[in-house]
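This report looks at how a protein meets two DNA strands, and at one pair of packed helices. Start with the view below.

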Amino acid sequence: MTDALFSLPTAADDDLLRGLNPPQREAVEYRGPALLIVAGAGSGKTRVLTHRIASLLRSREAWPSQILAITFTNKAAGEMRERVEQIVGDSARGMWISTFHSACVRILRREAEQFGFTKAFTIYDSGDSRALLKRLVRDREADSLGLTPAGVQSRISKLKNELADAESYARDANMSDPAERKFVEIFGDYQRELQKANAFDFDDLIAQTVFLFRAFPHVADVYRKRFRHVLVDEYQDTNHAQYQLIRELTRPIQGDAGGGMVFEDAPGASLTVVGDSDQSIYAFRGADIRNITEFERDFPGARVVLLEQNYRSSQNILDAANSVIRNNFDRKDKKLWSDQGPGEQIVGFTGYSQHDEAQFVADEIETLRRSGVDYQQMAVFYRTNSQSRALEEIFIRAAVPYKIMGGTKFYDRAEIKDALAYLVAVANPADEMAVRRILNRPKRGIGDVTETAIARFAADNGMSFRDALAHPAEMGLGPKLQKSILHLDAVLREATAVLLPASGEPAPPTAVTEGLQVLLNKSGYADALRMSRDPQDEARVENLDELVAVTREFARNNPEGTIVDFLTEVALVADTDDLDDESGAVSLMTLHTAKGLEFDAVFLTGVEEDLIPHRISANEPGGPQEERRLFYVGITRARKRLYLSLAMTRAQFGEVTVAMPSRFLQEIPSLLIDWKQSPGDVNSRGGLQSRALNARRPGGSAGDRWGVKPLPAGGGLKPKSTAMEKFPGLVTNKVRDNGDLELAAGDRIRHDDFGEGTVDAVTGEGAKRIAHVRFDSAGAKKLLIKVAPIAKV
DNA sequence: CAATCCCGTGTTTTT
DNA sequence: CACGGGATTG
């Protein structure tokens, strides 16, 4: 490839291309209708994308307002905007850099009136839509047909991702099946309820935008004309609806004389997509990997650029990543390489329990810290959110500063949802769910009966549930009830006056904060919590204070922001603690959240069968392969140091279960891993590897599978087991259960491996009772009583 | 109508 | 284990 292929670099382009390798340059400079950048992990994809945008702006090929860049997370969007601004300064303003969902909300708010919604529509999160479906399933007595709210929800979500609606689904469904008929009924009801409530669920945001564009071509043309350059990041994770949205946006404009607006014919916007099919980890949410694998077919004449050089990780880490992902079939072979040298070995550790594992992580973090690595350059990953608990417990005890990324916890709390429901009740009074939610919070003595009476009155008089609150006297209710309903009505009115001034003037920046305070204080909600004796309610008050602080922060960042903008932000921006607090803390997050990020040191924890790959994925088509990609994503986040850890036992649902090392560990060449404690060193019974197991395959290539180093001779143990197939699986099912064994300090016990010893103390409860034992010859050990191979003497 | 208790249940990833 | 739902009681 020679430079002559490219346009001559101008002076302005020069610094945009400096330091880029040839494919990267091509990705920045190519101009044409469609460009696919296949970007392996760490190949400088964000740099290429930002420089491409900067180059379009610098060369005056595009105004900022003509650029639409779509990322997968808000965080990625924020980062991209920041980096583009660093290069081109203020002229970056006016670009749309956002997630699919945010972009669609923006469009929908603008066009809502076209199809029976208002600008103030509510966005239902999955909890909201499940609540609605729960009611519908109950009302329709669908549970007798085996339909559950969660099941219906996930089916509806999948259908919407395929752009199907109740009618189109019904055409192909087997309508002689009563369960199918019922499902179609509920789907239709659900959609009508959403419409009535002036609300969209997450999937609607995309699907309804596509429908809008298709139903109103003149509306679509406005956006087609506006966005001349559409760039999509993480393209491998787009679903069908998102794909169709892109298609609609990049369709050529046909002169239209009918819709009131007249455009000249124009070619479709230029489309740039970036992705890596090896990092596709959202199939569970409808992502269709074919969108990227068939890009060239979908967009004939598309240019494809491959970025394979990795600038992030050391070669050892890349080797591990390559050797794992190689096991996925039907993928295009792609090998990441680096010129950074091998770097450190990967460190492996097998803990006895998840706490043991967490302790190892905490210790290593402190060691790294002392050697000069900042906390913010370290991250701990796990497969499931629940795994963060054990880590947190140990980190708190070890005084390791940490922050949990992602995780919607804050906005999932009941008191926060209540407070937001109050705001929604003001912003979008049509949202009956929100009004019903706050009806009896705080306790006003309004139960099912009264709620139904209000609903009936509203229906009988053709008014909304919200408006019915002004007429309790006409419902035949007791005086106390009437009074409290009127009070609620008055509070909502007062807040409405603050948040949505009738004068038509924009509300001041402080409006959201004030409105929320009015709602919380005058409704009695805050007082009820403050008066409560429940110690948890104290924390709830603090959470509400934090929410008020969030509104202040919002006002600072968005002086023009309205209540609707605020609600949009909290609905779509899940992580509360993102960019601003670089306070020097270790980041904890799920593997999914980790995508797109990078750290000097990465701890990948819980590398066990049934966790990664997750048990549930085993039966799903493509499940295990997707789990492998997830593992691959985790590995490739690390720049210099990678730690892989697991535990031999894991507490789940209050039960201690035995865990097996993940199959993915076997896919990494043992030379790459330095096991501080290998799965062969520890067994599920709390001791070292038992003789019985080793006896089956004495000698041989001790530990090569796990890269086990010989133990410093002690206790006269034989070489450890080598291959997984004879190791944990066999132990697993034969684990003993001493659940009822009573032990107390002073008792003498015998251990299969350690011999006899004296119990010093017993700590913990139930299945987690731990005996602290001083063995006569093996020294002090801690044993989980439930599973240790011990007996009283 | 509210508070309490008991039982069963499910158990992944996220905009 | 943690949560929600249902039944029971005040």
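## A histidine at DNA strand B

Begin with histidine 614. One of its polar side-chain atoms lies 3.4 Å from a sugar or linking oxygen of DNA strand B. The model is predicted, and that distance is computed from it.

Two elements each give two or more residues to the surface near DNA strand B. They are α21 (448-460) and α28 (591-594).

## Phosphate contacts of DNA strand B

Which atoms of asparagine 440 and glycine 447 face a phosphate oxygen of DNA strand B? For asparagine 440, an N or O atom in the side chain is 3.4 Å from a phosphate oxygen. For glycine 447, a polar backbone atom is 3.1 Å from a phosphate oxygen.

## The wider surface near DNA strand B

In total, 25 residues surround DNA strand B. Those that come nearest are Arg383, Asn385, Thr450, Glu620 and Phe653. By class, this surface has nine nonpolar, 12 polar and four charged residues.

The DNA side can be split too. Take the atoms of DNA strand B within 4 Å of the protein: 61% belong to sugar or phosphate. The rest belong to bases.

## DNA strand C

Now the other strand. Lys134, Arg389, Phe653 and Gly654 surround DNA strand C. Sugar and phosphate make up 50% of the strand C atoms that come within 4 Å of the protein. The surface near this strand has one nonpolar, one polar and two charged residues.

Lysine 134 also makes a polar contact here. A polar atom of its side chain lies 2.9 Å from a phosphate oxygen of DNA strand C.

Phe653 appears in both settings. It is listed among the residues that come nearest to DNA strand B, and it is also one of the residues around DNA strand C.

## Helices α16 and α17

How do these two helices pack? Helix α16 spans residues 354-370, and helix α17 spans residues 388-398. Their axes are 9 Å apart and meet at an angle of about 45°. The two helices are therefore oblique to each other. Their crossing is right-handed.

From α16, the contact uses Gln354, His355, Ala358, Gln359, Val361, Ala362 and Ile365. From α17, it uses Ala390, Leu391, Glu393, Ile394, Phe395 and Ala398. By class, the contact has nine nonpolar, three polar and one charged residues.

Definitions and conventions. Residues are numbered from 1 along each chain as its sequence is written. Chains are lettered from A and ligands numbered from 1 in the order in which they are written. This is a predicted model: local features need pLDDT of at least 70, side-chain atom pairs count only at pLDDT 80 or more; totals for chains, interfaces and linings use all residues. Side-chain values use heavy atoms; hydrogens and water are left out. A residue is near a molecule or strand if one of its heavy atoms lies within 4 Å of it. A polar contact is a pair of N or O atoms within 3.5 Å; within protein, one must be able to donate a hydrogen and the other to accept it, and residues adjacent in sequence count only if both atoms are side-chain atoms. Ala, Val, Leu, Ile, Met, Phe, Trp, Tyr, Cys and Pro count as nonpolar, Asp, Glu, Lys and Arg as charged, and the others, Gly among them, as polar. Axes are lines fitted to C-alpha atoms, for helices over the stretch in contact, and angles run from 0 to 180 degrees between N-to-C directions. Helices (H or I, at least four residues) and strands (E, at least two) are DSSP runs, numbered from the N terminus. Angles under 35 degrees count as roughly parallel, over 145 as roughly antiparallel, 65 to 115 as roughly perpendicular and the rest as oblique. A crossing is left-handed if the near helix is turned anticlockwise from the far one by less than a right angle, and right-handed if clockwise. Contact means heavy atoms within 4.5 Å.
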